[in-house]
Amino acid sequence: MGGVAPESVEGVNFRLHENGNDEHISALLKFPDGKHGTLECSLRNPSPRQATICGTKGVIEVQFPFWCPTKFTVQGMTGLGSQ
């Protein structure tokens, strides 16, 4: 976040496949000032294969394929109703 490394990273491996690959993982990244980030990756469950980035000023949706995006949308948010 802003070039700052996380203070801690907690990860969970749901299941290890017989070939040694993680089938499903999730992680919580804790940053200074109470900020945090989360991620989830799964070879076990179907997903939309897109990325959602939520911040204090809005949300960015990166459409499939998020690893090589061709389209994204930005939804700005202001006021108490956006939180």
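**Exercise 1. Is lysine 71 buried or exposed, and what relative accessibility supports the assignment?**

Solution. The model is a predicted one.
Step 1: locate the residue. Lysine 71 lies in the loop that connects strand 5 (58-62) with strand 6 (72-76).
Step 2: read its accessibility, which is 51% in relative terms.
Step 3: apply the cut-off. Exposed means over 50% relative accessible area, so lysine 71 counts as exposed at 51%.
Step 4: list its contacts. Setting aside neighbours within four places in sequence, lysine 71 is in contact with Glu61, Val62 and Gln63.
Step 5: examine one of these pairs. Lysine 71 and glutamate 61 are separated by 10 residues in sequence and by 8.7 Å between their C-alpha atoms.

**Exercise 2. Determine the class of glutamate 23 and the residues that it touches.**

Solution.
Step 1: place the residue. Glutamate 23 belongs to strand 2.
Step 2: classify it. Buried means under 20% relative accessible area; glutamate 23 has 9% and is therefore buried.
Step 3: identify the surroundings. Not counting residues up to four places away in sequence, glutamate 23 touches Arg15, His17, Cys41, Ser42, Leu43 and Arg44.

**Exercise 3. Describe how strand 1 and strand 2 are joined.**

Solution.
Step 1: establish the direction. Strand 1 (residues 8-16) and strand 2 (residues 22-30) run antiparallel.
Step 2: state the number of bridges, which is 8.
Step 3: give one register point. Asparagine 13 has isoleucine 25 in strand 2 as its bridge partner.
Step 4: inspect the connection. The two strands form a hairpin with 5 residues between them, and glycine 20 in the turn has a positive phi of about 100°.

**Exercise 4. Find backbone features in the loops, including positive phi values outside glycine and a cis peptide bond.**

Solution.
Step 1: consider the loop between strand 2 and strand 3 (36-42), where aspartate 33 is located. Its phi is near 65°, a positive value in a residue other than glycine. With 76% relative accessibility, aspartate 33 counts as exposed.
Step 2: turn to the loop between strand 3 and strand 4 (51-55), which holds arginine 49. Arginine 49 is also not glycine and has a positive phi, near 55°. At 44% relative accessibility, arginine 49 counts as partly exposed.
Step 3: examine the loop between strand 5 and strand 6, where proline 65 is found. The peptide bond that joins phenylalanine 64 and proline 65 is cis, with omega about -5°.

**Exercise 5. Characterise the protein chain as a whole, from its secondary structure to its surface and charges.**

Solution.
Step 1: count the elements. The chain has 0 helices and 6 strands, which gives the pattern β-β-β-β-β-β along the sequence.
Step 2: assess the dimensions. The radius of gyration is 15 Å, whereas a compact globule of 83 residues would have one near 12 Å. The C-alpha trace spans about 50 × 30 × 25 Å along its principal axes.
Step 3: assess burial and contacts. Of the 83 residues, 12% count as buried. Among contacts with a separation of 6 or more, 13% come from residues 24 or more positions apart.
Step 4: describe the surface. The accessible surface comes to about 6800 Å², and 56% of this area belongs to carbon and sulfur atoms.
Step 5: describe the charges. There are 7 positive and 8 negative side chains, and the centres of the two sets lie 8 Å apart.

How values were computed:
Residues numbered from 1 in each chain as written. Predicted model: local features only at pLDDT ≥ 70, side-chain atom pairs only at ≥ 80, totals over all residues. Heavy atoms only, no water. Pairing = 2+ DSSP bridges. Helix = DSSP H or I, 4+ residues; strand = E, 2+ residues; numbered from the N terminus. Buried < 20%, exposed > 50% of the residue type's maximum accessible area, 1.4 Å probe, protein only. Contact = heavy atoms within 4.5 Å. Rg over C-alpha atoms; globule rule 2.2 N^0.38 Å. Areas by Shrake-Rupley, 256 points an atom, 1.4 Å probe, with all protein chains shown as cover. Lys, Arg positive; Asp, Glu negative; His and termini not counted. Charge placed at Lys NZ, Arg CZ, Asp CG, Glu CD.
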